[in-house]
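Thanks, everyone, for making the time this morning. I would like to walk through one model with you, beginning with the overall fold and then moving to a few individual residues that I think deserve a look on the screen.

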Amino acid sequence: MASLILYNYFRSSTSYRVRLAMHVKGLDFEYKAINLLKSEQRSAEYLKINPLGGVPTLLHDGKYIPESMAIIEYIEEVFPEPALLPKDAYTRARIRQVCEVINSFMHPMGNLKTLQYMEKTHGYTQDKKEEWAQHWLSQGLETLEETIKEFAGTYSFGEKVTMADLFIVPQLLTCQRFNVDISKYPTLLKVNENCLKLEAFQKADPFIQVDTPDNLKKK
């Protein structure tokens, strides 16, 4: 059995973040697919290891760690090279700011649970759900664009991949799913394009994973 096991779902942006962290650090891990559309995340067995019933969850040496932010911070501490955070405290804080804009503000607005609630409780159609997501995601993109303008080089914070890039790339893909116009954010687009050239980002691609449906897999 691998010492690292990742319970995740191919299209989950939070799972995508952690796969990116694993591949950037060159870590071998076992991929455990949790199908969100089949509600496998709500099974009694899975709820024992992740009481909120979300993905991802990491198992390392017999210990479970739920939630992508906690997992990535843990990976950074336990497997420090290559570093995802710089030594400078100010820059580290600004990288975490970018991560939190995505994790705490943007991600919940397009989350499957949120949208299912809006549909079941308030009768939201697909068009209304997209309108909802576009409203909030656009605010987040504007914030991210203005924030990283100060720091961006090849990647969002200079010439090395950082934790911020692991959050930005999956979030841009989510924005595209909801038909958000991302062409208005040139700095984010440049960072995204440069990241996607890297082998680690290609390995983590949602559309080549073992649980990616055949009709969505890249040829």
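The protein chain contains nine helices and four strands, and I should say at once that what you see is a predicted model. If you follow the chain along its sequence, the order of elements reads β-α-β-α-β-β-α-α-α-α-α-α-α. Its radius of gyration is 17 Å, close to the 17 Å that the globule rule gives for 219 residues, so the chain is as compact as a globular protein of that length. Taken along the principal axes, the C-alpha atoms fill a box of roughly 45 × 45 × 35 Å, and buried residues account for 49% of the 219 residues. As for how the chain packs against itself, among contacts between residues at least 6 apart in sequence, 67% join residues at least 24 apart.

A word on annotation. UniProt, in an unreviewed entry, places the feature "domain: GST C-terminal" at residues 88-214. Over that stretch the chain is 69% helix and 0% strand, and the C-alpha atoms at its two ends are 44 Å apart.

Let me turn to the residue I would ask you to centre on, R17, which lies in helix α1, residues 13-24. What is the nearest side chain of opposite charge to this arginine, and how far away is it? It is E67, at 7.4 Å, and R17 therefore has no salt bridge, since a salt bridge here requires the nitrogen and the carboxyl oxygen to be within 4 Å. R17 is nevertheless buried. Its side chain does make a polar contact with the side chain of S68, at 2.8 Å. Leaving aside residues up to four places away in sequence, R17 touches S68, I72, I102, N103, H107, L166, F167 and P170.

E67 is worth a second look for its backbone, because its phi is near 80 degrees, a positive value in a residue other than glycine, and its relative accessible area of 39% makes it partly exposed. E67 sits in the loop between β4, residues 63-66, and α3. A positive phi also occurs at S39, where the value is about 60 degrees although the residue is not a glycine. S39 belongs to the loop between β2, residues 30-33, and α2, and with a relative accessible area of 29% it is partly exposed.

Staying with the backbone, there are cis peptide bonds to point out. V55 and P56 are joined by one of them, with omega about 5 degrees, and P56 is found in the loop between α2, residues 44-49, and β3, residues 57-60. Another cis peptide bond joins E81 and P82, with omega about -10 degrees, and P82 lies in the loop between α3, residues 68-78, and α4, residues 89-109.

Finally, the charged pairs. The count of salt bridges comes to nine, and I will show a few of them. One is between R96 and E73, whose closest N and O atoms are 3.0 Å apart. R96 lies in helix α4 and E73 in helix α3, so this pair ties together parts that are 23 residues apart in sequence. The partners are not equally accessible: R96, at 29% relative accessibility, counts as partly exposed, whereas E73, at 18%, is buried.

The next is between E119 and K129, with the closest N and O atoms 2.9 Å apart. Here E119 lies in helix α5, residues 112-122, and K129 in helix α6, residues 126-149, so the pair ties together parts that are ten residues apart in sequence. In this bridge E119 is partly exposed, with a relative accessible area of 40%, while K129, at 11%, counts as buried.

The last I will show joins K32 to E30, with the closest N and O atoms 3.7 Å apart. K32 counts as partly exposed at 33% relative accessibility, and E30 is likewise partly exposed, at 29%.

If you take one view away with you, I would suggest the one centred on R17, a buried residue without a salt bridge whose side chain makes a polar contact with that of S68. I am happy to rotate back to any of these sites.

Notes
Residues are numbered from 1 along each chain as its sequence is written. This is a predicted model: local features need pLDDT of at least 70, side-chain atom pairs count only at pLDDT 80 or more; totals for chains, interfaces and linings use all residues. Side-chain values use heavy atoms; hydrogens and water are left out. Buried means under 20% relative accessible area, exposed over 50%, partly exposed in between (1.4 Å probe, protein chains only). Lys and Arg count as positive and Asp and Glu as negative; His and the chain ends are not counted. A polar contact is a pair of N or O atoms within 3.5 Å; within protein, one must be able to donate a hydrogen and the other to accept it, and residues adjacent in sequence count only if both atoms are side-chain atoms. Contact means heavy atoms within 4.5 Å. UniProt positions are given in the numbering used here, feature names are shortened, and annotations may be inferred rather than shown by experiment. The radius of gyration is taken over C-alpha atoms; the globule rule is 2.2 Å times the number of residues to the power 0.38.
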